[in-house]
Amino acid sequence: MRSLIDVVDLSVKELDELMGVANDIIRNPDKYKEACKGKKIATLFFEPSTRTRLSFEAAMLELGGSVIGFSSADSSSAAKGESMADTARVISCYADIIAMRTPQEGAALVAALNARVPIINAGDGGHKHPTQTLADLLTIKREKGRLDNLTVGYCGDLKYGRTVHSLIGALSRYKGIKTVLISPEELKVPSYVRHDILEKNGMEYEEVSDLEQALPKLDVLYMTRIQRERFLDPREYERLKDSYVLTAEKMEKAKKDGIVLHPLPRVNEISTDVDADPRACYFKQVECGKYMRMALIMKLLEEAEKDKSAVTIKGENLVYDKYKCHNPKCISRTEQELRNIATSSPSSPDILRCIYCEKKVN
Amino acid sequence: MRSLIDVVDLSVKELDELMGVANDIIRNPDKYKEACKGKKIATLFFEPSTRTRLSFEAAMLELGGSVIGFSSADSSSAAKGESMADTARVISCYADIIAMRTPQEGAALVAALNARVPIINAGDGGHKHPTQTLADLLTIKREKGRLDNLTVGYCGDLKYGRTVHSLIGALSRYKGIKTVLISPEELKVPSYVRHDILEKNGMEYEEVSDLEQALPKLDVLYMTRIQRERFLDPREYERLKDSYVLTAEKMEKAKKDGIVLHPLPRVNEISTDVDADPRACYFKQVECGKYMRMALIMKLLEEAEKDKSAVTIKGENLVYDKYKCHNPKCISRTEQELRNIATSSPSSPDILRCIYCEKKVN
Amino acid sequence: MRSLIDVVDLSVKELDELMGVANDIIRNPDKYKEACKGKKIATLFFEPSTRTRLSFEAAMLELGGSVIGFSSADSSSAAKGESMADTARVISCYADIIAMRTPQEGAALVAALNARVPIINAGDGGHKHPTQTLADLLTIKREKGRLDNLTVGYCGDLKYGRTVHSLIGALSRYKGIKTVLISPEELKVPSYVRHDILEKNGMEYEEVSDLEQALPKLDVLYMTRIQRERFLDPREYERLKDSYVLTAEKMEKAKKDGIVLHPLPRVNEISTDVDADPRACYFKQVECGKYMRMALIMKLLEEAEKDKSAVTIKGENLVYDKYKCHNPKCISRTEQELRNIATSSPSSPDILRCIYCEKKVN
């Protein structure tokens, strides 16, 4: 059985295949309209996310399948204290595949270890949100014709921006990617992104604070929102906020064939006067997200037909019950009778990370 | 592309066609059971309204289509501050048609201007709720055999009763309609209904305060609820409330072929002892609502096939950015970067109204 | 028209037929995949219960039907004060069958008396929850091969445990059932269960407080949760709680072919180390619930085709308007213009019970 917890669970070859299928769906939607007839997806959204939830539901319906689920924790048994493991077991009796969003980090992995059907992580706290990255990759591929040899700028909140970290990671597997990190000092990317992704993979990158200066060289500009709450000093927020707002005026400095992405929802970090610009691709990105989810649902259901064995914990240096994870949002803090397990990567054997949320535990 | 924001967006001829289709569905439901196969409606209910939402969902399912959506704002991205325009653009990627209910007045128009699919206004604050009026019209047509030459009484809260104003407007386009407005002094119809609809169309009308006296002459009695909160003096409410409750006893004074309508939900303004009376048509009205929604969904999807161009603002004297709308519930007060636009009607060139909520701005 | 309010509304013969159909669905799911094509179930959950709601929805979808509904009261018209009777009438216009869960006891009966379609009680307060009992019966039948000549233990909160009372009642119609009631003093079964079910039917039973001592003789162990709030003295709860937790260690004392059931969700009353034990049948019970709901939906829809007349109140000694029910959770306390009706059973002619919630009124 395959689940999708992190985008790197998919090989580059698998990503290419998924994008191929998505492109074929776009060209021949009728060919797929009964591809999942009789199948059900459960959308378990323990916290609300309309866009992501409806994208999964539209995807399944366009494949001829159907949908059950909930859109917030209050209408779920979680309110009665049911564990994630039990929820996954129970919902496996009702649906053929599960897409889930949780505030707890690592919850999708716990679900995958217990479910009898594939789990798709639709966002687990600040940890991972792989189907957003699938949407981003397909949009870039379709608009730019390639995923290598691109200069990609990321602008806004790069510290907490889960989608940014994930896309940097996904693109690290392609050649010739130059990364431009555009943010205020307070919101620079965490050091693990710099060290473990950019530097480890020998990727060219620079950190700058000025959007307008960076714009002319970018093939792709990935915008994110800056939240007032992230700043210690509100005056600093007021001083900076306008410089990270993309406007039609600033777009005059961008490449003629550059593209603008945004994971949405936006608040005001992209002015609506940019929307009519053909380089504004954030609504195309929404559509790409639906098509990649369709391709993914088909792939995971096919693999589940072939291999019904449960997902198991992978990793070489598994340390059981020795380290407790201190991340207050980690699923290991709330889940009934869940063992604490830590692991190290071959390249950093001294650093042990929680297998659920991947935070350091030693 | 056509959307339905207000019932007067439909010509009398179109209304007749919709009622014709609805009657045909009632006679031959099987003929329509795959009419919308492969199509999806999104029901975006930013505030709850079970009856209306489930009516749209049942309508789409009986046409062989399917449903996505949400039933309250907390489970939507609106909680994250997404604009109505963006929501409409995003949901256009997932659904073929959208039915939406919002607390903000004018929100459905903003959605229609930005969506790539037809929008049906399922209630925008106290402003419009056209599909309720479609239900009312079909019920009257089926029960009375005509929409002209009728004496129609409206009882209860005529001041805030959006459904009442809308039905008065819709019937103003038919001949020989006599209107009897039955309400306490505090809850009389607003002056614009008297001047701009009843008087401008030369309709015969009277304002009375006694339901029992009015009953014998009515072909149609349209009941609405009186809310305690509407009264400045609670003793006044206590004194009056029973006189606006319809009972089996009072029904003895009604015409033998008169009918009673109510937009539901009722609380106690119609006693349950009236329910068994064959003249009580409020549950038939619920069914008529479903059938009119089926007819409407088919019509708008057909028109969207023919004309995919976006909805644009209509009106002759459009004044941009000069007047700010002061209605606190107007969508222009909250929507990101929305231009203030006012318009005047040919018959009242001096009065400028907000194009979104239609409140006066000058 | 048939509705299902209480499991005893079904005769033993009907229960056997339902289990027969459920077993046939398990063997030949394809045979049923269009059995309810074109039909809709409305799931009206005035309080959340994910597992039960999704079970009904999965059941209907696996029969080829579709689903409308709501998952909590805030997204329903009940918030606007609509009566249960009106809700049932209105939803009858949208759906072919209704499954409903309410906090008010007797609400499903009121709905059934007013609906135009069958009602399935999916839990009305602490009163009844018949489809859980259907799940329990099928699980026992499939795992033990019979529903008679069994020693059945119930452990935990037997005072408030609605599912326990219901299963004891359902099994009272089979021969050779020995009942072992395992609970702390505070949480023993109510006297009416002892007198009106166990003793009246001449069933062998014992009340004990020690789970480990009882385990060796049980063919079936039905676990439930003990809630801290039920105890007057929290120290008493602390002292007792562990003795009512089932662990792998305790399971060593259980029969080799005994089975463990639990209505779920569990919190920690069954340790997760029991889950891998083949005698742990609580996840099988979830699947059995879905299949019994499929069988039930088909049965009620078939009967509704044959007999469309509304459900009426049954009972021999009906006393109208004389006794007011004092149960604060009874639907008669909140429903608009609902008559107070009491009834007595032939065996206890002196005791009058509310027909809605079955609490004593005299």
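How many residues does helix α5 of chain B have, and how far does the helix reach from its first C-alpha to its last? Before I answer, a reminder that this is a predicted model.

Helix α5 of chain B covers residues 130-144, which is 15 residues, and spans 21 Å from first C-alpha to last. That is close to the 21 Å expected at 1.5 Å a residue. Just after α5(B) comes Gly145(B), with a positive phi near 80°.

Is α5(B) mostly covered or mostly open? Mostly covered: eleven of the 15 residues are buried. Those buried residues include Pro130(B), Leu134(B), Asp136(B) and Ile140(B). As for what they pack against, the partners in chain B are α1 (12-27), β4 (119-124), α6, β8, β9 (259-261) and α11 (282-306).

Two of those partners, α6 and β8, come up again with the next element, strand β5 of chain B, residues 151-155. Four of the five residues of β5(B) are buried, so this strand is largely enclosed by the rest of the structure. From β5(B) the chain passes through helix α6, residues 162-171, to reach β6(B), and this β-α-β crossover is right-handed.

Which strands does β5(B) pair with? One is β6 of chain B, residues 178-182, which runs parallel to β5(B) and is joined to it by five bridges. Within that pairing, Val152(B) has Thr179(B) as its bridge partner. The other is β8 of chain B, residues 220-223, also parallel, over four bridges. There, Cys155(B) is partnered with Met223(B).

Now to the contact between chains. Chain C and chain B each put 22 residues into it. On the chain C side, the elements giving two or more residues are β2 (66-70) and α3 (84-91). Helix α3(C) gives the most, with four residues. Sorted by class, the chain C side has eight nonpolar, seven polar and seven charged residues.

Last, how are the two copies related? In general, two copies of a chain are related by a rotation about an axis and a shift along it. Here, a turn of 120° with a shift of 0.0 Å along the axis lays chain C on chain B, at an RMSD of 0.0 Å. The two copies are therefore related as by a three-fold rotation axis. Which residue of chain C comes closest to the rotation axis? That is Ser66(C), whose C-alpha is at 5.1 Å.

Key
Residues numbered from 1 in each chain as written. Chains lettered and ligands numbered in written order. Predicted model: local features only at pLDDT ≥ 70, side-chain atom pairs only at ≥ 80, totals over all residues. Buried ≥ 20, exposed ≤ 12 C-beta atoms within 10 Å, placed from the backbone. Pairing = 2+ DSSP bridges. Right-handed = clockwise from strand over helix to strand, strands pointing away. Contact = placed C-beta atoms within 7 Å. Nonpolar A, V, L, I, M, F, W, Y, C, P; charged D, E, K, R; others polar. Least-squares fit on C-alpha atoms with pLDDT ≥ 70 in both. Expected span 1.5 Å × (residues − 1).
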